[in-house]
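Here is a friendly walk through one protein chain, in questions and answers. Have the coordinates open as you read.

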Amino acid sequence: QVQLVESGGGLVQAGGSLGLSCAASGRTFSSYFMGWFRQAPGKERESVAHISRGGSSTSYADSVKGRFTISRDNTRNTVYLQMNSLEPEDTAVYYCAAGSGRQRIGQTTDEYNYWGQGTQVTVSS
């Protein structure tokens, strides 16, 4: 198993930037593909960004492409989400997740085994 703890959320102005971190426990971080999801009140949890085990492959939701960057540092057991040009529509609780399936990279919630507790991101207009 792996335990995940997000940090870095907060309040930011529209157009601003915010960086999220997700710290993972254990010695096998590099065996998991990682992802970021978000959930706004009254809405379904949605995919934001994903990264393969070694970090060579990434994918993004259309809504964040060109603005967000996912990365990971396997030497530090950490995955990051750099968010630029933030919009009020980005306001949500952001969750990091780890997956141990056969696929190279994840996409949907059911492909992930482990989840962090979430961190709130609020973007003011």
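Q: Which residue stands opposite Val 12 in strand 11?
A: In this predicted model, strand 2, residues 10-13, runs parallel to strand 11 and is joined to it by 4 bridges. Val 12 falls within that pairing, and its partner across in strand 11 is Val 123.

Q: Which residue stands opposite Thr 119 in strand 11?
A: Strand 11 also pairs with strand 9, here in an antiparallel way and through 3 bridges. In this pairing, the residue that stands opposite Thr 119 is Tyr 94.

Q: Which residues make up the covered face of strand 11?
A: Strand 11 has two faces, and the uncovered one holds Gln 120, Thr 122 and Ser 124. The covered face is made of Thr 119, Val 121 and Val 123.

Q: Which residues touch the most other members of the largest nonpolar core?
A: This core has 29 residues. Strands 3 (18-24), 4 (33-39), 5 (46-51), 7, 8, 9 and 11 (119-124) each give two or more residues to it. The residues with the most contacts to other members are Met 34, Trp 36, Val 79, Leu 81, Met 83 and Tyr 94.

Q: Which cysteines form a disulfide?
A: The count for the structure comes to 1 disulfide. Its sulfur atoms are 1.9 Å apart, well inside a cut-off of 2.5 Å. The two partners are Cys 22 and Cys 96.

Q: How many residues apart in sequence are the parts that Cys 22 and Cys 96 tie together?
A: A disulfide is a covalent bond between the sulfur atoms of two cysteines. Here Cys 22 lies in strand 3 and Cys 96 in strand 9, so the link joins parts of the chain whose separation is 74 residues.

Q: Are Cys 22 and Cys 96 buried or exposed?
A: The cut-off for burial is a relative accessible area under 20%. Cys 22 and Cys 96 both belong to the class called buried.

Q: What is the handedness of the disulfide between Cys 22 and Cys 96?
A: The quantity to look at is the torsion about the S-S bond, which is about 50 degrees. The disulfide is therefore right-handed.

Q: What is the N to O distance in the salt bridge of Glu 46 and Arg 38?
A: The search of the whole structure finds 6 salt bridges, and the side chains of Glu 46 and Arg 38 form one of them. Arg 38 is buried at 5% relative accessible area, while Glu 46 is partly exposed at 30%. Their N to O distance is 2.6 Å.

Q: How many residues apart are Arg 67 and Asp 90?
A: These two form a salt bridge, with the closest N and O atoms 2.7 Å apart, and both are buried. Arg 67 is in the loop between strand 6 (58-60) and strand 7 (68-73), and Asp 90 is in the loop between strand 8 (78-83) and strand 9 (92-99). The pair links distant parts of the chain, at a separation of 23 residues.

Q: Which residues are linked in a network of salt bridges?
A: The pair of Glu 46 and Arg 38 and the pair of Arg 67 and Asp 90 can be followed into a network that also includes Glu 87. Its members are Arg 38, Glu 46, Arg 67, Glu 87 and Asp 90.

Q: Is Asp 62 buried or exposed?
A: Asp 62 shares a salt bridge with Lys 65, at 3.7 Å from N to O. Its relative accessibility is 67%, and the class above 50% is exposed.

Q: Where is Asn 77 found?
A: Asn 77 has a positive phi, near 55 degrees, in a residue other than glycine. It is buried, with a relative accessible area of 16%. Its place is the loop between strand 7 and strand 8.

Q: What is the relative accessible area of Ser 85?
A: Ser 85 also has a positive phi, near 50 degrees, and sits in the loop between strand 8 and strand 9. Ser 85 counts as partly exposed, and its relative accessible area is 41%.

Q: Which residue has its backbone oxygen 2.8 Å from a polar atom of the side chain of Thr 78?
A: Thr 78 is in strand 8 and is buried at 10% relative accessibility. Beyond its neighbours within four places in sequence, Thr 78 is in contact with residues including Ser 21, Cys 22 and Phe 29. The backbone oxygen at 2.8 Å belongs to Arg 76.

Terms used:
Residues are numbered from 1 along each chain as its sequence is written. This is a predicted model: local features need pLDDT of at least 70, side-chain atom pairs count only at pLDDT 80 or more; totals for chains, interfaces and linings use all residues. Side-chain values use heavy atoms; hydrogens and water are left out. A salt bridge is a side-chain nitrogen of Lys or Arg within 4 Å of a carboxyl oxygen of Asp or Glu. Buried means under 20% relative accessible area, exposed over 50%, partly exposed in between (1.4 Å probe, protein chains only). A nonpolar core is a set of buried Ala, Val, Leu, Ile, Met, Phe, Trp, Tyr and Cys residues joined through side-chain atoms within 4.5 Å. Two strands pair if DSSP finds at least two bridges between them. A polar contact is a pair of N or O atoms within 3.5 Å; within protein, one must be able to donate a hydrogen and the other to accept it, and residues adjacent in sequence count only if both atoms are side-chain atoms. Contact means heavy atoms within 4.5 Å.
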